[in-house]
Amino acid sequence: MKTWVEKYRPQKFTDIFGQDEAIEKIKTYFEKFPKVKKKALLLGGSPGIGKTTIVHVLAKETGAEIFELNASDLRNKSSMTLKLKPVLEQVSLFNTKKLILVDEADGVSGTEDRGGLSELISLIEKSPYPIICTANDAWGKKVSDLRKKCELIELKEISPAIIKQILKNILEKENKEVTLNVLNKIAINSRGDVRSAINDLEAASSLDNPEEIEIYERNKKEDIFQVMKKIFQEKADEKMLGLFDKVDMPLDEIMLWMEENISKVYSGIELAKAYQRLANADLFKGRIYKQQYWRFLVYENIFTSYGISASKEDEKKGFYKYTKPERILKIWLNNVKHAKRKTIAEKYSKKTHVGMKRIMSEWNEVKNILKNPLVQKELKLEVEEIAYVMKY
């Protein structure tokens, strides 16, 4: 018997929600290949967001034969050459098109793996077929060289509202019911991971009382708690500089977690030093956004990780209860609100040739025009953008 994840895996692009922009870019790349700037794509996004599914749907909709590799196939140069080179040299037996998927390219580890990635990078330029790689962390050090050879497309985190609608559709097809409270809990705690949300829904629907199911937030929150424990309590060393690479969370948001919890562990001179270093990190953050000096990110990271850790005299033993900063949700909602308005305004500007500044200043009048379904269709507004227009 198939699991619900397998049973309701999207079979066509219209089954995929919240990734319209990314899908259009992927389709354009495939249609124009090999007349593209970069010979491969790198799809980035958190686990369960649909990276691999989109590539398989692309193959189905275009009638292409798909050849799939994963992290285990990137163990070394000889393994990569043995598996991929024949595929690049052979014409497809059953289809006129061929597509190569390299899944979880950032899942490699150790010195041997780098040989496999190096070989992949060298074969990309020679490939007569499109190559699409996926990575949970497309900005990680492991795939930095690969990223330079690929066009990077980052998939959006699926909003709780969209995940809830997907879950409702599945329940309707399965003729099952769970309470709105359970649906909301699953959608919010999935943190954009559709696959995990569907698994949780299937588990809940199988219980006599779905309310009894325990649903945990995904790795993003668990990771930040582990990282804070290391920074605040363990001895400071160079390993601290790479800790934030393991957290699927923007550095700005991490800073809020640090600010919220420093005083739970440090006091006196240690607390003063830690806050001073956090203030220095915030200073560099301001320069990054104001002057676009992105190279200062390294200093923001140093002060927030090693700097705060080195503020203490000795290791901190015992248990400390770290908590979520209440400001995060308010800041995130405010940022999302303004980001949506900007993307909608950009689409409107391109179609009407009206300046962005004017559109933003006359937003109340513009949004009344945007409420027209015909206008929404013409601008190709996404589900979340339409929801924003109707709400604000």
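The following is a working chat about helix 12, strands 3 and 5 and the second largest pocket of a predicted model.

Q: Before we start, what kind of model is this, and which limits apply?
A: This is a predicted model, in which local features need pLDDT of at least 70, side-chain atom pairs count only at pLDDT 80 or more, and totals for chains, interfaces and linings use all residues. Residues are numbered from 1 along each chain as its sequence is written, and side-chain values use heavy atoms, with hydrogens and water left out.

Q: Okay, helix 12: how many residues does it have, and what does it reach end to end?
A: Helix 12, residues 268-291, has 24 residues and reaches 35 Å from first C-alpha to last, close to the 34 Å expected at 1.5 Å a residue. The expected span is 1.5 Å times one less than the number of residues, and helices (H or I, at least four residues) and strands (E, at least two) are DSSP runs numbered from the N terminus.

Q: Which of its residues are buried, and what do they pack against?
A: Glu-270, Leu-271, Ala-274, Leu-278, Ala-281, Phe-284 and Ile-288 are buried in helix 12, where buried means under 20% relative accessible area, exposed over 50% and partly exposed in between, with a 1.4 Å probe and protein chains only. The buried residues of helix 12 pack against helix 11 (251-265) and helix 13 (297-309).

Q: What follows the helix?
A: Helix 12 is followed by Gln-292, whose phi is positive, near 60 degrees.

Q: Switching to Cys-150, where is it, and is it buried or exposed?
A: Cys-150 is in strand 5, residues 150-154, and counts as buried because its relative accessibility is 3%.

Q: What does Cys-150 contact farther along the sequence?
A: Leaving aside neighbours within four places in sequence, Cys-150 is in contact (heavy atoms within 4.5 Å) with Lys-38, Ala-40, Leu-41, Leu-42 and Ile-124. Cys-150 and Lys-39 are 6.7 Å apart in space, C-alpha to C-alpha, though 111 residues apart in sequence.

Q: And which strands are joined to strand 3 by bridges?
A: Strand 2 (residues 64-69) runs parallel to strand 3 and is joined to it by six bridges, while strand 4 (residues 131-135), also parallel to strand 3, is joined by three; two strands pair if DSSP finds at least two bridges between them. Ala-64 has Lys-97 of strand 3 as its bridge partner, and Leu-101 stands opposite Ile-132 in strand 4.

Q: How many residues of strand 3 are buried?
A: Five of the six residues in strand 3 (residues 97-102) are buried.
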